[in-house]
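Let's take a walk through this protein together, starting from the outside and ending in the empty spaces within. Keep the 3D view open as you read.

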Amino acid sequence: MTDLINLMNDLLWGSILVYLLVGVGIYFTVRLGFIQFRHFGHMFSVLRNSRKSDQSGISSFQALCTSLAARVGTGNMAGVAVALTLGGPGAIFWMWMTAMLGMATSFAESTLAQLYKTRDRDGNYRGGPAYYMEKGLGMRWMGVLFSIFLIIAFGLVFNAVQANSISSAMHTAFGFEPIYVGIAIVLISSFVIFGGIRKIARTAELIVPIMALAYILIAMVVMILNIEKLPSVLSLVFRSAFGLEQAAAGGLGYAIAQAMIHGVKRGLFSNEAGMGSAPNAAASATPYPPHPASQGYVQMLGVFVDTIVICSATVAIILMSGEYVPHGEITGIELTQRALSSQVGDWGSIFIALAIFFFAFTSIIANYSYAETNLIFLEHNNKKGLVVFRMIVLGMVMFGSLATLPTVWSMADVTMGLMAIVNLIAILLLSGTVVKLAKDYNRQLKAGKLPTFDANDYPELKSQLEDGIWDSKSK
């Protein structure tokens, strides 16, 4: 079984996804006029009014925190360490590139999710790639395929990955046995998961900003303590990215390929741009300005914060510590813990354990919310099926607490890759709609108006939209 998973991994990431992700990122960057750079400041302007919501949707800030809850977790701490160990420091450069290009991809998928969202039987907004595949492309079969991949990836495998990192960190810091850590995670997660989408959003809104700021502050302390090392660390990252470190020893092409593959892979796992996950949170929001593109800007910011800010914090902690050994045996969350402890003392390991607990815990509940949205797409609000699924999710959390790291990571990579391929094809097919919405938003913004989407201006789109959602915006 392990050999089969590794074979699929090599096929997906060695031959298909690296080129597809980078290609789609470049495509949307160019078609949207380098939107992530031209409108960088506007992302923060949209966030200033992000607390507004209505009875059907969560606020844009809650949607951002929910998507960050899923993004910020194992990938930011354990994933960066894995990328460094397997791909070398050059992998970090490709993580950054994946994020910068991925911001445009994230704008596209989140804008589409907002446009094609629906209401569930409880009156809450639901949406995401499966919904825009069905409504925008008229391909329900494609939405079903995506939903199945997402449910396996986020509902099951990714939650096992997050639980795995929590149990590993707790064992390293406190000596807790994984089985007891697993039981604790299951109990706490069940309390939030059974509370529904709004409880998940409120929990993420409370925990994520506090933990993200605390982690960034710790990384800044490490950087200040080692400020003289900063130029050499940056030089190492850029030189390794293009194989300059390895050129003298031969194997230049292989070194670059490994850095690129592991950097893109871990970058996608961390920021999820193009994967089709964050759009499920974006669709749940009541956007302000009341236009689908405003959620595109909010979720672009999520990609930036996740990779350029938080992942870079982990890079600084590890590379400035002296604990990093190329292709070393110590990797994952343990390497991050050792690196911080070497800088600030034994409490560093405890801090990382607590940080990964909160980050990974919020990832578990946000991942579940994504899976729930797609289960509803498949089953149309089958409440009994939802209860059964929640129990299966909690079972996978327990499994992840006890499983071995390499197997769990490999399973995550395969399911993530399959999801991404389906979603990337869909957003490419709908790219004309993305460009149309971006132009509409920016035309109104330049005219000094509050960008507001009026479905009546686009009869070719109105027939695809659910009644009563965007109609009210035009009245």
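Accessible area here is computed by the Shrake-Rupley method with a 1.4 Å probe. What you are looking at is a predicted model, and its accessible surface comes to about 17400 Å². Carbon and sulfur atoms account for 66% of that surface.

Now step back and take in the overall form. Along the principal axes, the C-alpha atoms fill a box of roughly 60 × 45 × 40 Å. A compact globule of 475 residues would have a radius of gyration near 23 Å, and this protein has 21 Å, which agrees. The secondary structure consists of 20 helices and 2 strands, so helices are what you will meet along the way.

How is the chain packed inside that outline? Counting a residue as buried when its relative accessible area is under 20%, 60% of the 475 residues are buried. The contacts tell us about the chain's path as well: among those with a separation of 6 or more, 82% join residues 24 or more positions apart.

Next, let's look for enclosed spaces. How many cavities of 30 Å³ or more does a search of the whole structure find? The search finds 3, and we can visit two of them here.

The largest cavity holds about 70 Å³ of space. To find it in your viewer, select Leu-21, Val-22, Gly-25, Thr-98, Leu-101, Gly-102, Thr-105 and Ala-273, which line it. Two elements give two or more residues each to this lining: helix H1 (2-31) and helix H6 (90-115). H6 gives the most, with 4 residues. By class, the lining has 4 nonpolar and 4 polar residues, and no charged ones; glycine is counted with the polar group in this scheme.

From there, move on to the second largest cavity, with a volume of about 40 Å³. Its lining is made up of Ile-58, Thr-66, Ile-197, Asn-280, Ala-281, Ser-284, Ser-369, Tyr-370 and Thr-373. Which helices each supply at least two residues of this lining? They are helix H13 (278-282) and helix H16 (347-379). H16 gives the most, with 3 residues. The lining of this second cavity divides into 4 nonpolar and 5 polar residues, with no charged residue in it.

Methods. Residues are numbered from 1 along each chain as its sequence is written. This is a predicted model: local features need pLDDT of at least 70, side-chain atom pairs count only at pLDDT 80 or more; totals for chains, interfaces and linings use all residues. Side-chain values use heavy atoms; hydrogens and water are left out. On a 1 Å grid over the protein atoms alone, a cavity is a set of points where a 1.4 Å probe fits but cannot get out, and a pocket is an open set with protein on both sides within 12 Å along at least five of seven lines; lining residues have an atom within 4 Å of a point. Grid points are joined across faces, edges and corners, and a volume is the space filled by probe spheres set on the points. The radius of gyration is taken over C-alpha atoms; the globule rule is 2.2 Å times the number of residues to the power 0.38. Buried means under 20% relative accessible area, exposed over 50%, partly exposed in between (1.4 Å probe, protein chains only). Contact means heavy atoms within 4.5 Å.
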